[in-house]
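Work through the exercises below with the sequence and the model at hand. Each task is followed by a solution in steps.

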Amino acid sequence: SKLLNKEIEGALILDPEKVGEVSVKVAKILAPEREKLKLLPELEEVQKLALECTECGWCNRVCPNNKPMMEAVVAAGTGNFSNFEELYLNDVCYSCGRCEQECERELPLMSMLAKVGEKLAKDEKFNIRAGRGPVQDVEIRRVGAPLVLGDIPGVIAIVGCSNYPNGGKEVAEMAKEFLERNYIVVATGCGAMSIGEYRDEEGKTLYEQYSGEFDSRGLLNIGSCVSNAHISGACIKIANIFAKKPLEGNFEEIADYILNRVGACGVAWGAYSQKAAAIATGVNRWGIPVVVGPHGSKYRRLLLGRTDKKETWKIKDLRTGKIMDGEPAPEHLIYAAENMEEAIVMTAKLCIRPTDTGKGRQIKLNHYIDLYKRYYGILPPDIHLFVRNEKDIPITYKKDVKEILEEVGWEPREIPQEPSLMGMDGD
Ligand code: SF4
Ligand code: SF4
């Protein structure tokens, strides 16, 4: 009773059975009082509050995503809540509260948004595949060879936080693009949830359209954000199972194997916590590149390659010990894309690896060219860097690519059998 009468701030109960009983009883007694605290303003009240807006524009100015909060408030003042609804739907506004903090009229913008979204929230029902945990050795055995040879163009890991630059729909669209192109898509945490929020015309989510197998066109929910370790774990297993690389005390050799052979790329579209930045750079250490969203540049660490410095792409063939001209594959380790289209193109490019077979390279370049043409309207200007010999040129783009190769004075080059950066100068 002292607790309920607010005579004490709290109570420490060490008996686990008693604590269960007390907490349920206290919660039941407090429920009517808490009910009042949860009340959002009524819609009429939202409209009335909105009329107090001075149109100072500060809410828009401080919004990290430049979302039109002022316009939504002004429209709400006339009884039109559609702009608020647009902000609410698809997580376009991620309720960071920055606008509310800055509002000179101290309007409760988050409560106003929540009230307008209340009726929409009731209809929001999602489907998500259960988080499955690590990729098993048997699954790796099945797809390891096509992955290392390039027949499966890559593994795309959709990871990161939910403060997307333009709502969560883009995450599902990126996943769809790669699934349709036979990549394996693995997802964790917020990314995995966002994928489950969007349905096609038939009302199906991507989880219902694609299998959950770790195979070409498979869409896997690996688990929560901390399950990201299982994604790098899958790449490590490829090195262990296929190349018999010992796991213990062998970080450098395995990372070198992944960097040069396993076409995996992470996409962290929402950038929020330092933890997310640490995860991205953590997988970089294993040789896996990551594309981050526009806010990712605020982490203040990008690892960008220089294609203009040919001498930095030298590679060693472990089989012969020869140092030879390599290629920017992968070109970057952390890259911030400004929009979804740029991210899709870059992700496809960052799956190219020096060990791709001619057929594998054709498949990867076909996707890269196709996507580049769709979003930029031209052929990729750096395509010549990824053509090692004529067998690499995708048949559908043979004529166009050959024209570029002639223009830049391209020459075929030797392909390393066991490409590695170990034992090079500066290693
Ligand atoms: S809550 Fe944050 S994201 Fe939403 S409109 Fe305000 S400042 Fe922008
Ligand atoms: S900051 Fe407040 S008063 Fe200023 S435009 Fe935005 S909602 Fe209106």
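**Exercise 1. The shell around ligand 1**

By class, how many nonpolar, polar and charged residues does the shell around ligand 1 have?

Solution. The model is a predicted one. Start by listing the residues around ligand 1: Cys 63, Pro 64, Met 69, Cys 93, Tyr 94, Ser 95, Cys 96, Gly 97, Arg 98, Cys 99 and Met 110. Next, sort them, with Cys, Met, Tyr and Pro counted as nonpolar, Arg as charged, and Gly among the polar ones. The shell comes to eight nonpolar, two polar and one charged residues.

**Exercise 2. One residue of that shell**

Take Ser 95 and state where it is found, how accessible it is, and what sign its phi has.

Solution. Ser 95 is found in the loop between helix H5 (82-88) and helix H6 (98-102). Its relative accessibility is 45%, so Ser 95 counts as partly exposed, a class that runs between 20% and 50%. Its phi is positive, about 55°, although Ser 95 is not a glycine.

**Exercise 3. The shell around ligand 2**

List the residues that surround ligand 2, sort them by class, and then describe Gly 57.

Solution. Ligand 2 is surrounded by Cys 53, Thr 54, Glu 55, Cys 56, Gly 57, Cys 59, Met 70, Cys 103, Arg 105 and Leu 107. Sorted by class, they give six nonpolar, two polar and two charged residues. Gly 57 belongs to this shell and lies in the loop between helix H2 (43-50) and helix H3 (58-62). Its relative accessible area is 11%, under the 20% limit, so Gly 57 is buried. For a distance across the model, take His 367, which is 310 residues from Gly 57 along the chain: the two C-alpha atoms are separated by 43 Å.

**Exercise 4. Two helix pairs**

Decide whether helix H12 is roughly parallel or roughly perpendicular to helix H13, then treat H8 and H12 in the same way.

Solution. Helix H12 (residues 228-243) and helix H13 (residues 251-261) pack with their axes 9 Å apart and at an angle of about 100°. Angles from 65 to 115 degrees count as roughly perpendicular, so H12 is roughly perpendicular to H13. On the H12 side the contact uses Cys 235, Ile 236, Ile 238, Ala 239, Phe 242 and Ala 243, and on the H13 side Ile 254, Tyr 257 and Ile 258. Sorted by class, these residues are nine nonpolar, no polar and no charged.

Helix H8 (residues 137-149) packs with H12 at about 80°, with the axes 9 Å apart. H8 and H12 are therefore roughly perpendicular to each other. H8 brings Asp 137, Ile 140, Arg 141, Gly 144, Ala 145, Leu 147 and Val 148 to the contact, while H12 brings Ala 234, Lys 237, Ile 238, Ile 241 and Phe 242. By class, this contact has eight nonpolar, one polar and three charged residues.

**Exercise 5. The cores**

Which residues have the most contacts inside the largest nonpolar core?

Solution. The largest nonpolar core has 50 residues, and those with the most contacts inside it are Ile 195, Trp 269 and Val 401. Leaving out residues up to four places away in sequence, Ile 195 touches Ile 158, Val 171, Ala 172, Ala 175, Ala 187, Leu 206, Tyr 207 and Leu 219. Another core lies apart from the largest one; it has 36 residues, including Leu 147, Val 186, Leu 220 and Ala 280. In soluble globular proteins, nonpolar side chains tend to be buried together.

**Exercise 6. A covered helix**

How many of the ten residues of helix H15 are buried, and what do they pack against?

Solution. Nine of the ten residues of helix H15 (residues 340-349) are buried, so the helix is mostly covered. Among these buried residues are Met 340, Glu 342, Ile 344 and Lys 349. They pack against strand S1 (155-159), helix H9 (169-180), strand S4 (264-268), S5, S8 and helix H16 (358-376).

**Exercise 7. Two loop details**

Locate Arg 300 and Pro 330, and state what the backbone does at each.

Solution. Arg 300 is found in the loop between strand S5 (290-292) and strand S6 (315-317). Its phi is positive, about 60°, although Arg 300 is not a glycine. With a relative accessible area of 77%, Arg 300 is exposed. Pro 330 is in the loop between strand S7 (322-324) and strand S8 (334-336), and the peptide bond from Ala 329 to Pro 330 is cis.

Terms used: Residues are numbered from 1 along each chain as its sequence is written. Chains are lettered from A and ligands numbered from 1 in the order in which they are written. This is a predicted model: local features need pLDDT of at least 70, side-chain atom pairs count only at pLDDT 80 or more; totals for chains, interfaces and linings use all residues. Side-chain values use heavy atoms; hydrogens and water are left out. A nonpolar core is a set of buried Ala, Val, Leu, Ile, Met, Phe, Trp, Tyr and Cys residues joined through side-chain atoms within 4.5 Å. Buried means under 20% relative accessible area, exposed over 50%, partly exposed in between (1.4 Å probe, protein chains only). Contact means heavy atoms within 4.5 Å. A residue is near a molecule or strand if one of its heavy atoms lies within 4 Å of it. Axes are lines fitted to C-alpha atoms, for helices over the stretch in contact, and angles run from 0 to 180 degrees between N-to-C directions. Helices (H or I, at least four residues) and strands (E, at least two) are DSSP runs, numbered from the N terminus. Angles under 35 degrees count as roughly parallel, over 145 as roughly antiparallel, 65 to 115 as roughly perpendicular and the rest as oblique.
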